[in-house]
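Me: Please take a close look at one part of this structure and set out its surroundings in detail. A connected account that then moves on to the helix packing elsewhere in the chain would be welcome.

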Amino acid sequence: MSSIRYALLSLLARNPLSGYDIKQQMNGRFSPFWKVGSNQVYPELSKMEAEGLVKLQGVEHHAYRPARKLYEITEAGREALIRWAVEPGGVETVRDDFLLKVYNSWLVEPEKMKEQLAEMKRQREERLNAYLEKAAELTRMLDPAKSDDPIASSISIVEFGIRYERLYIEWCESLMETL
């Protein structure tokens, strides 16, 4: 099964959503570490529905917007997600165009590369601040009495993002000093 299916199942395991809501949540929750194309959500939902992994819960009607289909995960979908979650994972390859640029920095004047590094550091600091705000928001929502609160797993992913951005910022600073 493709990884987009597991991303969709991950969101639907938390609560029923429309395709639009799924796309919004993917942009808000997954975009820092996992991308999905706009044209992938609806066709994949249709395939998953045909395979019994999700089902149409109902259609939401509002006067101010088009009707939206609400999908929910089925027991088969939940079982598939659980099986996948405990399968051994492989080490992913990082594809970062900026790292490729730095790989070629020996061809560039040091001051030009320092400018690039400073800009990347600024962008990473913005992302770090967004992660810190999200972590605080999720922590306020967390119910410490529930050991299976899905917010706890969301916090762990945001904490990974915080650590990653801090490392990237530190790396930019170190390289700027070296140059």
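Reply: In this predicted model, R124 is located in helix α6, which spans residues 110-141. R124 has a relative accessible area of 10%. The cut-off for a buried residue is under 20%, so R124 is classed as buried. Its side chain is nevertheless paired: a polar contact of 3.1 Å joins the side chain of R124 to the side chain of E165. When neighbours within four places in sequence are set aside, the residues in contact with R124 are D96, Y164, E165, Y168 and I169. E165 thus appears both in this contact list and as the partner in the polar contact.

A second arginine, R78, offers a further case. R78 belongs to helix α4, residues 75-85, and its relative accessibility is 35%. The class between the limits of 20% and 50% is partly exposed, and R78 therefore falls into it. Apart from neighbours within four places in sequence, R78 is in contact with A13 and I73. As for longer separations, 28 residues in sequence lie between the positions of R78 and W106, and their C-alpha atoms are 50 Å apart in space.

Helix α4 also packs against helix α1, which covers residues 3-12. The axes of α1 and α4 are 10 Å apart, and the angle between them is about 115°. In this arrangement, α1 passes α4 in a left-handed crossing. On the α1 side the contact is made by Y6, L9 and S10, which meet G77, A80, L81 and W84 of α4. Sorted by class, the residues of this contact comprise 5 nonpolar and 2 polar, with no charged residues.

One of the α1 residues in that contact, S10, can be described further. S10 has a relative accessible area of 18% and is accordingly buried, given that the limit is under 20%. The side chain of S10 reaches back to the backbone oxygen of Y6, at a distance of 2.6 Å. Y6 is itself among the α1 residues that meet α4. Leaving aside neighbours within four places in sequence, S10 is in contact with F30 and L81. Of these two, L81 is in the set of α4 residues named above, whereas F30 falls within the range of helix α2, residues 19-30.

Helix α2 in turn packs with helix α3, residues 41-50. The axes of these two helices come within 10 Å and cross at roughly 120°. Angles of 65 to 115 degrees count as roughly perpendicular and those over 145 as roughly antiparallel; α2 and α3 are therefore oblique to each other. The crossing in which α2 passes α3 is right-handed. The residues that meet are G19, Y20, I22, K23 and M26 from α2, and V41, Y42 and L45 from α3. By class, this contact holds 6 nonpolar residues, 1 polar and 1 charged.

Finally, the loop between α4 and α5 (97-103) contains E92. E92 has a relative accessibility of 70% and so counts as exposed, the threshold being over 50%. E92 and S154 are 62 residues apart in sequence, with a C-alpha to C-alpha distance of 20 Å.

How values were computed
Residues are numbered from 1 along each chain as its sequence is written. This is a predicted model: local features need pLDDT of at least 70, side-chain atom pairs count only at pLDDT 80 or more; totals for chains, interfaces and linings use all residues. Side-chain values use heavy atoms; hydrogens and water are left out. Axes are lines fitted to C-alpha atoms, for helices over the stretch in contact, and angles run from 0 to 180 degrees between N-to-C directions. Helices (H or I, at least four residues) and strands (E, at least two) are DSSP runs, numbered from the N terminus. Angles under 35 degrees count as roughly parallel, over 145 as roughly antiparallel, 65 to 115 as roughly perpendicular and the rest as oblique. A crossing is left-handed if the near helix is turned anticlockwise from the far one by less than a right angle, and right-handed if clockwise. Contact means heavy atoms within 4.5 Å. Ala, Val, Leu, Ile, Met, Phe, Trp, Tyr, Cys and Pro count as nonpolar, Asp, Glu, Lys and Arg as charged, and the others, Gly among them, as polar. Buried means under 20% relative accessible area, exposed over 50%, partly exposed in between (1.4 Å probe, protein chains only). A polar contact is a pair of N or O atoms within 3.5 Å; within protein, one must be able to donate a hydrogen and the other to accept it, and residues adjacent in sequence count only if both atoms are side-chain atoms.
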